[in-house]
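Welcome to this short briefing on a protein structure. Take a look at the model first, then follow the notes below topic by topic.

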Amino acid sequence: MSPMAAALSLTLTYRHPRHTIIHLAYTAMFGPPPKVLCGVVVSAGKMMKAVKVRTAKQTYNKFLKKHFRSNNSYLVSDPNSSLRAGDVVKIAAERRISRHIKHVVTEIVAPWGPSIDERPPVLSEEERLRRLQEKTLRKKERRRERNAETGESAEDRVEGMVEGTAVAS
C-alpha cells in the first residue's frame, strides 16, 4: 500500500472527537472528495461517448413552507457506451472532459434492458487515469516529433518569446 493510500485510509477510518482536524488534513492533502450523485439515464446513444443523466432533489420554499421537487440534468462521460436509457447510475464529478461534460459514470446501480454482463464494462477510476496518462504521453510524443521536424527546441522558443522575436506557428 502506498503512503498516500495509507494516509487516505487513516483519515477516513480514524474517528476522533476533533474530526474536523482530520477532515482538514484530508482536504489539504487530496482536495475535497468527489461529489457522488445518483440519477437516471434520460438520453443515451444520441451522442458519442456521452449520456444525459437526470438527478432529483427537493428544495424547500420558506414562504409556502413546502418542499418542491426539482431536477438537474448532467452530461456524463460514458467512453464504452455501456449505458441505456432508463439505467439508474452513480456519477461523480471529475476533470472537465469537454465544454459541457464534467462528470463520469462510476457504477450502474440498476440496469434497464440488457443485463450488465451483456454490456461493455464501466471504466474504473484506475482505468480512466491510465487512459488519461496514455493520451498525454501520445500528445507529448507528437509534440517532440513536431519539434524535431522543425529543428526547434522548447528553449529556443522561450528565448524568442523573452526577446520578443517569437514567430507564431
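**A guided look at the model**

With a relative accessible area of 37%, R130 is partly exposed. Salt bridges with shared partners bring R130 together with E127, R131 and E134 in one network. Please keep in mind that the model is predicted. The protein contains four helices and five strands, and the notes below start with that overall plan before coming back to the charged pairs.

**The overall plan**

- Reading from the N terminus, the order of elements is α-α-β-β-β-β-β-α-α.
- The protein has 169 residues, and 18% of them are buried.
- Its accessible surface is about 13200 Å², with 57% of that belonging to carbon and sulfur atoms.
- If you take the contacts between residues at least 6 apart in sequence, 45% of them join residues at least 24 apart.

**The barrel of strands**

- The five strands form a closed barrel in the order 1-2-3-5-4, and their pairing is mixed.
- From one strand to the next, the twist averages 50 degrees.
- Strand 1 (residues 36–47) and strand 2 (residues 50–61) run antiparallel and are joined by four bridges. To find one place where they meet, look for S43, whose bridge partner in strand 2 is K52.
- Strand 2 and strand 3 also run antiparallel, and 12 bridges join them. Here A50 has S77 as its bridge partner in strand 3.
- Strand 3 and strand 5 (residues 101–110) run parallel, with three bridges between them. In this pairing, L75 has I101 as its bridge partner in strand 5.

**The hairpin and a nonpolar patch**

- Strand 2 and strand 3 make a hairpin with four residues between the strands, and K65 in this hairpin takes a positive phi near 55 degrees.
- On the surface, F63, L64 and F68 form a nonpolar patch, and together they have about 360 Å² of accessible area.
- F68, one member of the patch, belongs to strand 3 (residues 66–77). F68 counts as partly exposed because its relative accessibility is 34%, which lies between the cut-offs of 20% for buried and 50% for exposed.

**Salt bridges**

- Side chains of opposite charge can pair when their charged atoms come close.
- How many salt bridges does a search of the whole structure find? The search finds seven.
- One of them pairs D87 with R119, and their closest N and O atoms are 2.4 Å apart. This pair links distant parts of the chain, 32 residues apart: D87 sits in the loop between strand 3 and strand 4 (88–93), while R119 sits in the loop between strand 5 and helix 3 (125–150).
- Are D87 and R119 buried or exposed? D87 counts as buried because its relative accessibility is 0%. R119 is also buried, as its relative accessible area is 6%, and the cut-off for buried is under 20%.
- Another salt bridge joins the side chains of E107 and K90, at 3.9 Å from N to O. E107 is in strand 5 and K90 is in strand 4, so this pair ties together parts that are 17 residues apart in sequence.
- E107 is partly exposed, with 38% relative accessible area, and K90 counts as partly exposed at 31% relative accessibility.
- Back in helix 3, the side chains of E134 and R130 meet in a salt bridge of 2.3 Å, N to O. About one helical turn separates E134 from R130 because they are four residues apart in helix 3.
- E134 is partly exposed, with a relative accessible area of 33%.

**A proline in a loop**

- P120 is found in the loop between strand 5 and helix 3, and its relative accessible area of 34% makes P120 partly exposed.
- Which residues does P120 touch, not counting those up to four places away in sequence? P120 touches N80, S81 and S82.
- P120 and L83 are 37 residues apart along the chain, and their C-alpha atoms are separated by 8.8 Å.

Definitions and conventions
Residues numbered from 1 in each chain as written. Predicted model: local features only at pLDDT ≥ 70, side-chain atom pairs only at ≥ 80, totals over all residues. Heavy atoms only, no water. Patch = residues over 30% accessible without salt bridge, like charges linked within 9 Å, V, L, I, M, F, W, Y side chains within 5 Å. Areas by Shrake-Rupley, 256 points an atom, 1.4 Å probe, with all protein chains shown as cover. Salt bridge = Lys/Arg side-chain N within 4 Å of Asp/Glu carboxyl O. Helix = DSSP H or I, 4+ residues; strand = E, 2+ residues; numbered from the N terminus. Buried < 20%, exposed > 50% of the residue type's maximum accessible area, 1.4 Å probe, protein only. Pairing = 2+ DSSP bridges. Axes fitted to C-alpha atoms, helices over the stretch in contact; angles between N-to-C directions. Contact = heavy atoms within 4.5 Å.
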